[in-house]
Amino acid sequence: MVYIEMENIEKKFDKDLVIDSFDLEIKSGEILALLGPSGCGKTTILKLISGLLAPEIGDIKFNGDSVLNIPAEKRGAVLVFQDYLLFPHLNVEKNIMFGMKMQKTPVSIRKKRTEELLKFMGLFEHRNHYPNELSGGQRQRVALARALAVKPKVILLDEPLTNLDANLRGEMQEFIRDIHKREKMTTVFVTHDRDEAMLVADRIAVMNKGKVEQVGTAEDLYKFPKSCFVSNFFGSTNYIDGEVDGEFFVFPEGKIKMKKTNIDKDIDIYDGKKLKMMIRPEFIDINGPNDREHFSFKAKIVHRSFVGERILYKIDDGKQTLKVTTLPPSDYLIGDEVLLSIKLEHVWYME
(Lines give C-alpha, C1' and ligand atoms only; values in the text may rest on other atoms or scores of the structure.)
Protein backbone atom coordinates (compact mmCIF):
# COMPACT_ATOMS: atom_id res chain seq x y z
CA MET A 1 0.00 0.00 0.00
CA VAL A 2 1.13 3.53 -0.79
CA TYR A 3 1.50 6.62 1.39
CA ILE A 4 1.12 9.71 -0.83
CA GLU A 5 2.50 13.17 -0.15
CA MET A 6 1.70 16.23 -2.23
CA GLU A 7 3.96 19.14 -1.31
CA ASN A 8 3.43 22.77 -2.36
CA ILE A 9 1.82 21.79 -5.66
CA GLU A 10 1.05 24.47 -8.23
CA LYS A 11 -0.66 23.78 -11.54
CA LYS A 12 -1.63 26.20 -14.32
CA PHE A 13 -3.70 25.80 -17.46
CA ASP A 14 -2.40 28.46 -19.82
CA LYS A 15 -2.09 31.41 -17.42
CA ASP A 16 -4.86 30.32 -15.05
CA LEU A 17 -3.70 29.01 -11.66
CA VAL A 18 -6.01 26.08 -10.86
CA ILE A 19 -4.00 24.45 -8.04
CA ASP A 20 -2.24 26.78 -5.61
CA SER A 21 0.18 25.91 -2.78
CA PHE A 22 -1.50 22.53 -2.41
CA ASP A 23 -0.38 20.24 0.43
CA LEU A 24 -1.98 16.90 1.21
CA GLU A 25 -0.99 13.63 2.86
CA ILE A 26 -2.92 10.47 1.99
CA LYS A 27 -2.35 7.64 4.43
CA SER A 28 -1.32 4.19 3.31
CA GLY A 29 -4.37 2.01 2.69
CA GLU A 30 -7.01 4.64 3.43
CA ILE A 31 -9.97 5.85 1.38
CA LEU A 32 -9.70 9.62 1.04
CA ALA A 33 -12.43 11.75 -0.56
CA LEU A 34 -11.70 15.02 -2.31
CA LEU A 35 -14.86 17.01 -1.65
CA GLY A 36 -15.68 20.40 -3.09
CA PRO A 37 -17.73 22.37 -5.62
CA SER A 38 -17.33 22.01 -9.38
CA GLY A 39 -14.23 23.74 -10.70
CA CYS A 40 -12.24 23.66 -7.43
CA GLY A 41 -9.51 21.40 -8.89
CA LYS A 42 -10.50 17.95 -7.60
CA THR A 43 -10.08 16.07 -10.90
CA THR A 44 -6.83 17.91 -11.59
CA ILE A 45 -5.43 16.51 -8.32
CA LEU A 46 -6.29 12.96 -9.46
CA LYS A 47 -4.55 13.55 -12.79
CA LEU A 48 -1.48 14.89 -11.00
CA ILE A 49 -1.31 11.83 -8.74
CA SER A 50 -1.76 9.46 -11.69
CA GLY A 51 0.89 11.15 -13.80
CA LEU A 52 -1.45 12.33 -16.55
CA LEU A 53 -0.50 15.88 -15.58
CA ALA A 54 2.71 17.31 -14.12
CA PRO A 55 2.86 20.24 -11.67
CA GLU A 56 4.73 23.47 -12.43
CA ILE A 57 5.94 23.58 -8.84
CA GLY A 58 6.06 21.07 -6.00
CA ASP A 59 6.58 17.36 -5.53
CA ILE A 60 4.50 14.18 -5.37
CA LYS A 61 5.87 11.27 -3.38
CA PHE A 62 4.85 7.63 -3.04
CA ASN A 63 6.22 6.10 0.17
CA GLY A 64 8.72 8.93 0.49
CA ASP A 65 10.09 8.79 -3.07
CA SER A 66 9.31 11.38 -5.75
CA VAL A 67 7.31 10.01 -8.70
CA LEU A 68 7.49 13.12 -10.88
CA ASN A 69 9.90 11.40 -13.29
CA ILE A 70 7.92 8.16 -13.39
CA PRO A 71 5.48 8.03 -16.34
CA ALA A 72 1.79 7.36 -15.75
CA GLU A 73 1.89 3.81 -17.11
CA LYS A 74 4.60 2.83 -14.61
CA ARG A 75 3.46 4.81 -11.59
CA GLY A 76 0.99 2.22 -10.29
CA ALA A 77 -1.89 4.68 -9.92
CA VAL A 78 -4.93 3.97 -12.10
CA LEU A 79 -7.57 6.62 -12.78
CA VAL A 80 -11.19 5.59 -13.42
CA PHE A 81 -12.97 8.42 -15.21
CA GLN A 82 -16.54 9.54 -14.61
CA ASP A 83 -17.52 8.54 -18.17
CA TYR A 84 -16.04 5.02 -17.74
CA LEU A 85 -14.33 5.18 -21.21
CA LEU A 86 -15.00 1.54 -22.01
CA PHE A 87 -14.01 0.28 -25.46
CA PRO A 88 -17.32 -0.09 -27.35
CA HIS A 89 -15.94 -2.72 -29.76
CA LEU A 90 -14.74 -5.02 -26.95
CA ASN A 91 -16.96 -7.18 -24.79
CA VAL A 92 -16.86 -7.10 -20.98
CA GLU A 93 -14.20 -9.81 -20.71
CA LYS A 94 -11.88 -8.17 -23.24
CA ASN A 95 -12.37 -4.72 -21.71
CA ILE A 96 -11.21 -6.10 -18.37
CA MET A 97 -8.25 -7.88 -19.97
CA PHE A 98 -7.08 -4.84 -21.93
CA GLY A 99 -4.67 -3.35 -19.38
CA MET A 100 -3.07 -6.72 -18.67
CA LYS A 101 -2.65 -7.27 -22.41
CA MET A 102 -0.83 -3.93 -22.74
CA GLN A 103 1.44 -4.99 -19.87
CA LYS A 104 2.13 -8.27 -21.71
CA THR A 105 0.82 -10.30 -18.77
CA PRO A 106 0.87 -14.04 -19.63
CA VAL A 107 -2.43 -15.27 -21.08
CA SER A 108 -3.04 -17.79 -18.30
CA ILE A 109 -2.69 -15.10 -15.61
CA ARG A 110 -4.91 -12.73 -17.60
CA LYS A 111 -7.68 -15.29 -17.82
CA LYS A 112 -7.45 -16.22 -14.15
CA ARG A 113 -7.51 -12.58 -12.96
CA THR A 114 -10.37 -11.70 -15.33
CA GLU A 115 -12.50 -14.64 -14.21
CA GLU A 116 -11.87 -13.73 -10.57
CA LEU A 117 -12.98 -10.13 -11.17
CA LEU A 118 -16.00 -11.14 -13.25
CA LYS A 119 -17.26 -13.24 -10.36
CA PHE A 120 -16.47 -10.66 -7.68
CA MET A 121 -18.12 -7.85 -9.66
CA GLY A 122 -21.23 -9.88 -10.43
CA LEU A 123 -20.48 -9.68 -14.16
CA PHE A 124 -19.82 -13.33 -15.01
CA GLU A 125 -23.13 -13.74 -16.86
CA HIS A 126 -22.39 -10.58 -18.87
CA ARG A 127 -18.83 -11.49 -19.89
CA ASN A 128 -19.73 -11.60 -23.61
CA HIS A 129 -21.90 -8.47 -23.60
CA TYR A 130 -20.77 -5.15 -25.07
CA PRO A 131 -20.90 -1.81 -23.19
CA ASN A 132 -24.06 -0.63 -25.01
CA GLU A 133 -25.85 -3.75 -23.71
CA LEU A 134 -25.13 -2.95 -20.06
CA SER A 135 -26.83 -0.77 -17.44
CA GLY A 136 -25.02 2.21 -15.92
CA GLY A 137 -24.18 0.24 -12.80
CA GLN A 138 -22.79 -2.65 -14.85
CA ARG A 139 -20.64 -0.32 -16.95
CA GLN A 140 -19.29 1.21 -13.73
CA ARG A 141 -18.35 -2.26 -12.48
CA VAL A 142 -16.59 -3.08 -15.75
CA ALA A 143 -14.57 0.15 -15.52
CA LEU A 144 -13.58 -0.70 -11.93
CA ALA A 145 -12.71 -4.28 -12.86
CA ARG A 146 -10.51 -3.09 -15.76
CA ALA A 147 -8.68 -0.74 -13.38
CA LEU A 148 -8.25 -3.45 -10.72
CA ALA A 149 -7.07 -6.07 -13.22
CA VAL A 150 -3.55 -4.61 -13.34
CA LYS A 151 -3.35 -4.67 -9.52
CA PRO A 152 -2.62 -0.97 -9.00
CA LYS A 153 -1.04 0.39 -5.83
CA VAL A 154 -3.41 3.37 -5.93
CA ILE A 155 -6.88 3.65 -7.46
CA LEU A 156 -8.27 7.08 -8.30
CA LEU A 157 -12.01 7.49 -8.88
CA ASP A 158 -13.37 10.61 -10.58
CA GLU A 159 -16.97 11.10 -9.37
CA PRO A 160 -17.61 7.37 -9.86
CA LEU A 161 -21.29 7.39 -8.90
CA THR A 162 -22.57 10.58 -10.54
CA ASN A 163 -24.27 8.80 -13.45
CA LEU A 164 -26.16 6.30 -11.29
CA ASP A 165 -29.64 6.56 -9.79
CA ALA A 166 -30.12 6.85 -6.03
CA ASN A 167 -30.61 3.12 -5.35
CA LEU A 168 -27.57 2.09 -7.39
CA ARG A 169 -25.45 4.79 -5.78
CA GLY A 170 -26.13 3.37 -2.32
CA GLU A 171 -25.24 -0.12 -3.53
CA MET A 172 -22.03 1.07 -5.23
CA GLN A 173 -20.93 3.07 -2.17
CA GLU A 174 -20.82 -0.17 -0.18
CA PHE A 175 -19.23 -1.96 -3.12
CA ILE A 176 -16.36 0.54 -3.35
CA ARG A 177 -15.55 -0.03 0.32
CA ASP A 178 -15.66 -3.80 -0.25
CA ILE A 179 -13.29 -3.48 -3.23
CA HIS A 180 -10.92 -1.29 -1.25
CA LYS A 181 -10.81 -3.75 1.64
CA ARG A 182 -10.39 -6.77 -0.64
CA GLU A 183 -7.68 -5.30 -2.88
CA LYS A 184 -5.79 -3.55 -0.06
CA MET A 185 -5.08 -0.34 -1.96
CA THR A 186 -4.84 3.35 -1.26
CA THR A 187 -8.01 4.86 -2.73
CA VAL A 188 -8.74 8.51 -3.59
CA PHE A 189 -12.11 9.52 -4.98
CA VAL A 190 -13.61 12.80 -6.10
CA THR A 191 -17.13 13.87 -5.22
CA HIS A 192 -19.21 16.99 -4.71
CA ASP A 193 -21.73 15.00 -2.64
CA ARG A 194 -21.23 15.46 1.11
CA ASP A 195 -23.22 12.36 2.07
CA GLU A 196 -21.28 10.19 -0.36
CA ALA A 197 -17.97 11.39 1.06
CA MET A 198 -19.14 10.79 4.63
CA LEU A 199 -20.43 7.28 3.87
CA VAL A 200 -17.45 6.01 1.86
CA ALA A 201 -14.29 7.79 2.99
CA ASP A 202 -12.06 7.27 6.03
CA ARG A 203 -11.06 10.93 5.78
CA ILE A 204 -12.22 13.86 3.67
CA ALA A 205 -10.19 16.71 2.18
CA VAL A 206 -12.43 19.73 1.54
CA MET A 207 -11.21 21.76 -1.44
CA ASN A 208 -11.96 25.33 -2.45
CA LYS A 209 -10.41 27.30 -5.32
CA GLY A 210 -7.47 24.96 -5.80
CA LYS A 211 -6.56 24.66 -2.14
CA VAL A 212 -7.31 22.37 0.80
CA GLU A 213 -9.56 24.10 3.34
CA GLN A 214 -9.47 21.27 5.89
CA VAL A 215 -8.79 17.53 6.16
CA GLY A 216 -10.36 15.22 8.71
CA THR A 217 -12.91 12.56 9.49
CA ALA A 218 -16.55 13.23 8.63
CA GLU A 219 -17.35 13.75 12.31
CA ASP A 220 -14.50 16.22 12.87
CA LEU A 221 -15.41 18.28 9.80
CA TYR A 222 -19.07 18.34 10.81
CA LYS A 223 -18.50 19.30 14.44
CA PHE A 224 -15.25 21.29 14.29
CA PRO A 225 -14.99 23.15 10.94
CA LYS A 226 -12.21 25.70 10.54
CA SER A 227 -14.21 27.95 8.21
CA CYS A 228 -17.77 28.80 7.24
CA PHE A 229 -17.06 27.24 3.83
CA VAL A 230 -16.39 23.85 5.43
CA SER A 231 -19.24 24.23 7.89
CA ASN A 232 -21.76 25.04 5.15
CA PHE A 233 -20.57 22.15 2.99
CA PHE A 234 -21.48 19.73 5.76
CA GLY A 235 -25.03 20.85 6.26
CA SER A 236 -27.35 23.48 7.67
CA THR A 237 -26.06 25.50 10.60
CA ASN A 238 -26.57 28.64 12.67
CA TYR A 239 -23.99 31.37 13.18
CA ILE A 240 -24.37 33.74 16.12
CA ASP A 241 -22.04 36.76 16.09
CA GLY A 242 -20.44 37.96 19.30
CA GLU A 243 -17.17 38.82 21.00
CA VAL A 244 -14.84 37.61 23.72
CA ASP A 245 -15.07 39.15 27.19
CA GLY A 246 -12.67 37.39 29.53
CA GLU A 247 -13.78 33.76 29.65
CA PHE A 248 -17.20 34.57 28.21
CA PHE A 249 -18.66 34.83 24.70
CA VAL A 250 -21.06 37.78 24.64
CA PHE A 251 -23.83 37.91 22.03
CA PRO A 252 -27.23 39.61 21.66
CA GLU A 253 -29.13 37.00 23.68
CA GLY A 254 -26.69 36.98 26.62
CA LYS A 255 -23.32 35.39 27.40
CA ILE A 256 -21.86 31.90 27.62
CA LYS A 257 -18.75 30.69 29.42
CA MET A 258 -16.35 29.48 26.75
CA LYS A 259 -14.69 26.07 26.95
CA LYS A 260 -11.25 25.64 25.40
CA THR A 261 -12.38 22.36 23.84
CA ASN A 262 -15.01 24.30 21.87
CA ILE A 263 -12.57 26.77 20.28
CA ASP A 264 -10.42 26.20 17.19
CA LYS A 265 -6.87 25.92 18.58
CA ASP A 266 -5.53 28.13 15.76
CA ILE A 267 -7.60 31.13 16.88
CA ASP A 268 -5.88 33.82 18.92
CA ILE A 269 -8.30 34.66 21.77
CA TYR A 270 -8.31 38.10 23.44
CA ASP A 271 -10.86 40.55 24.90
CA GLY A 272 -12.93 42.17 22.17
CA LYS A 273 -12.11 39.41 19.67
CA LYS A 274 -14.99 39.02 17.19
CA LEU A 275 -16.10 35.39 16.79
CA LYS A 276 -18.96 33.34 15.41
CA MET A 277 -20.63 30.72 17.55
CA MET A 278 -21.69 27.84 15.33
CA ILE A 279 -24.51 25.57 16.42
CA ARG A 280 -26.12 22.87 14.27
CA PRO A 281 -29.97 22.89 14.16
CA GLU A 282 -30.23 19.47 15.83
CA PHE A 283 -28.30 20.71 18.86
CA ILE A 284 -30.98 23.25 19.80
CA ASP A 285 -33.94 21.97 21.84
CA ILE A 286 -37.44 23.42 21.83
CA ASN A 287 -38.75 23.70 25.41
CA GLY A 288 -35.77 21.61 26.47
CA PRO A 289 -33.65 21.69 29.62
CA ASN A 290 -32.95 25.01 31.33
CA ASP A 291 -29.87 24.16 33.38
CA ARG A 292 -26.11 24.81 33.62
CA GLU A 293 -25.43 22.69 30.53
CA HIS A 294 -27.75 24.74 28.34
CA PHE A 295 -28.26 28.39 27.42
CA SER A 296 -31.98 29.15 27.16
CA PHE A 297 -34.00 32.09 25.80
CA LYS A 298 -37.53 32.81 24.58
CA ALA A 299 -38.46 32.87 20.88
CA LYS A 300 -41.37 32.41 18.47
CA ILE A 301 -41.85 29.82 15.73
CA VAL A 302 -42.13 31.56 12.35
CA HIS A 303 -41.85 28.60 9.95
CA ARG A 304 -42.41 24.83 10.05
CA SER A 305 -41.63 22.19 7.39
CA PHE A 306 -42.33 18.46 7.66
CA VAL A 307 -39.80 16.38 5.68
CA GLY A 308 -40.57 12.85 6.86
CA GLU A 309 -37.90 11.82 9.33
CA ARG A 310 -37.33 15.43 10.44
CA ILE A 311 -39.25 18.60 11.15
CA LEU A 312 -37.51 21.86 10.29
CA TYR A 313 -38.30 25.06 12.17
CA LYS A 314 -37.28 28.68 11.86
CA ILE A 315 -37.55 30.39 15.22
CA ASP A 316 -37.17 34.14 15.83
CA ASP A 317 -36.17 35.70 19.15
CA GLY A 318 -36.50 39.32 18.02
CA LYS A 319 -32.77 39.63 17.35
CA GLN A 320 -32.18 36.86 14.83
CA THR A 321 -33.79 33.79 13.27
CA LEU A 322 -32.39 30.35 14.09
CA LYS A 323 -32.87 27.01 12.35
CA VAL A 324 -33.93 24.09 14.58
CA THR A 325 -34.39 20.44 13.61
CA THR A 326 -36.47 17.96 15.62
CA LEU A 327 -37.61 14.39 15.19
CA PRO A 328 -41.33 13.67 14.79
CA PRO A 329 -43.74 13.73 16.44
CA SER A 330 -43.44 17.44 17.10
CA ASP A 331 -46.63 19.47 17.28
CA TYR A 332 -45.28 23.01 17.66
CA LEU A 333 -47.05 25.42 15.30
CA ILE A 334 -46.25 28.73 13.66
CA GLY A 335 -46.81 31.51 16.19
CA ASP A 336 -46.08 29.36 19.26
CA GLU A 337 -43.96 30.97 21.98
CA VAL A 338 -41.20 28.54 23.00
CA LEU A 339 -38.02 28.32 25.04
CA LEU A 340 -34.92 27.51 23.00
CA SER A 341 -32.15 25.58 24.77
CA ILE A 342 -28.67 25.48 23.22
CA LYS A 343 -26.54 22.52 24.26
CA LEU A 344 -23.28 24.16 25.34
CA GLU A 345 -21.14 21.08 24.70
CA HIS A 346 -22.05 21.26 21.00
CA VAL A 347 -21.28 24.92 20.26
CA TRP A 348 -18.16 25.69 18.23
CA TYR A 349 -16.38 29.04 18.05
CA MET A 350 -14.76 30.15 14.81
CA GLU A 351 -13.57 33.31 13.06
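Start with the whole chain: of the 351 residues in the protein, 48% are buried. Keep in mind that you are looking at a predicted model. Show everything as a cartoon and you have nine helices and 20 strands on screen. The C-alpha atoms fill a box of roughly 75 × 45 × 35 Å, taken along the principal axes. If you turn on contacts between residues with a separation of 6 or more, 68% of them join residues 24 or more positions apart.

**Stop 1: N91 and the start of α3**

Select N91, in the loop between β6 (77–80) and α3 (92–102). Is N91 buried or exposed? N91 counts as buried because its relative accessibility is 8%. Now show the side chain of N91 as sticks. A side-chain oxygen of N91 reaches to within 3.2 Å of the backbone nitrogen of E93, at the start of α3. The backbone nitrogen of K94 is there too, 2.8 Å from a polar atom of the N91 side chain. Next, add R127, N128, H129 and Y130: these are in contact with N91, leaving aside its neighbours within four places in sequence.

**Stop 2: along α3**

Move on to α3 itself and colour its buried residues: V92, E93, N95, I96, M97, G99 and M100. What covers them? The cover includes α4 and α5, so keep both helices visible. Just after α3, pick out K104, with a positive phi of about 60°.

**Stop 3: α3 against α5**

Two packed helices are described by the angle between their axes and the distance between the axes. Bring up helix α5 (residues 136–149) beside α3: the two pack at an angle of about 30°, with their axes 7 Å apart. That angle is why α3 counts as roughly parallel to α5. The crossing of this pair is right-handed. To see where they meet, select V92, N95, I96 and M100 in α3, then V142, A145, R146 and A149 in α5. By class, this contact has six nonpolar, one polar and one charged residues.

**Stop 4: α5 against α6**

Stay with α5 and add α6. How far apart are the axes of α5 and α6, and at what angle do they pack? Their axes are 12 Å apart, and the angle is about 15°. This makes α5 roughly parallel to α6, and the crossing is right-handed. On the α5 side, select G137, Q140, R141, L144 and L148; these meet L168, E171, M172, F175, I179 and E183 in α6. The classes here are six nonpolar, two polar and three charged residues.

**Stop 5: α4 against α6**

Hide α5 for a moment and show helix α4 (residues 107–120) with helix α6 (residues 166–183). These two pack at an angle of about 145°, with their axes 13 Å apart. α4 passes α6 in a right-handed crossing. Click on R113, E116, L117 and F120 of α4, and on F175, D178, I179, R182 and E183 of α6, to light up the contact. Sorted by class, the contact has four nonpolar, no polar and five charged residues.

**Stop 6: over to I256**

Now for a jump. E115 and I256 are 141 residues apart in sequence and 63 Å apart in space, C-alpha to C-alpha. Centre the view on I256, in strand β13 (residues 254–257). I256 counts as buried because its relative accessibility is 3%. Which residues does I256 touch, not counting those up to four places away in sequence? Select E247, F248, F249, F251, M277, F295, L344 and Y349 to show them.

**Stop 7: some backbone details**

Most residues other than glycine have a negative phi, and most peptide bonds are trans. Here are some spots that go the other way.

- D14 has a positive phi near 60°. D14 is in the loop between β1 (4–13) and β2 (16–26), and counts as exposed at 77% relative accessibility.
- S21 is in strand β2, with a positive phi of about 45°. S21 is partly exposed, with a relative accessible area of 40%.
- The peptide bond from P328 to P329 is cis, with omega near 0°. To find P329, go to the loop between β18 (321–326) and β19 (337–343).

How values were computed:
Residues numbered from 1 in each chain as written. Predicted model: local features only at pLDDT ≥ 70, side-chain atom pairs only at ≥ 80, totals over all residues. Heavy atoms only, no water. Helix = DSSP H or I, 4+ residues; strand = E, 2+ residues; numbered from the N terminus. Buried < 20%, exposed > 50% of the residue type's maximum accessible area, 1.4 Å probe, protein only. Polar contact = N/O pair within 3.5 Å; in protein donor to acceptor, adjacent residues only side chain to side chain. Contact = heavy atoms within 4.5 Å. Axes fitted to C-alpha atoms, helices over the stretch in contact; angles between N-to-C directions. Parallel < 35°, antiparallel > 145°, perpendicular 65-115°, else oblique. Left-handed = near helix turned anticlockwise from the far one by under 90°. Nonpolar A, V, L, I, M, F, W, Y, C, P; charged D, E, K, R; others polar.
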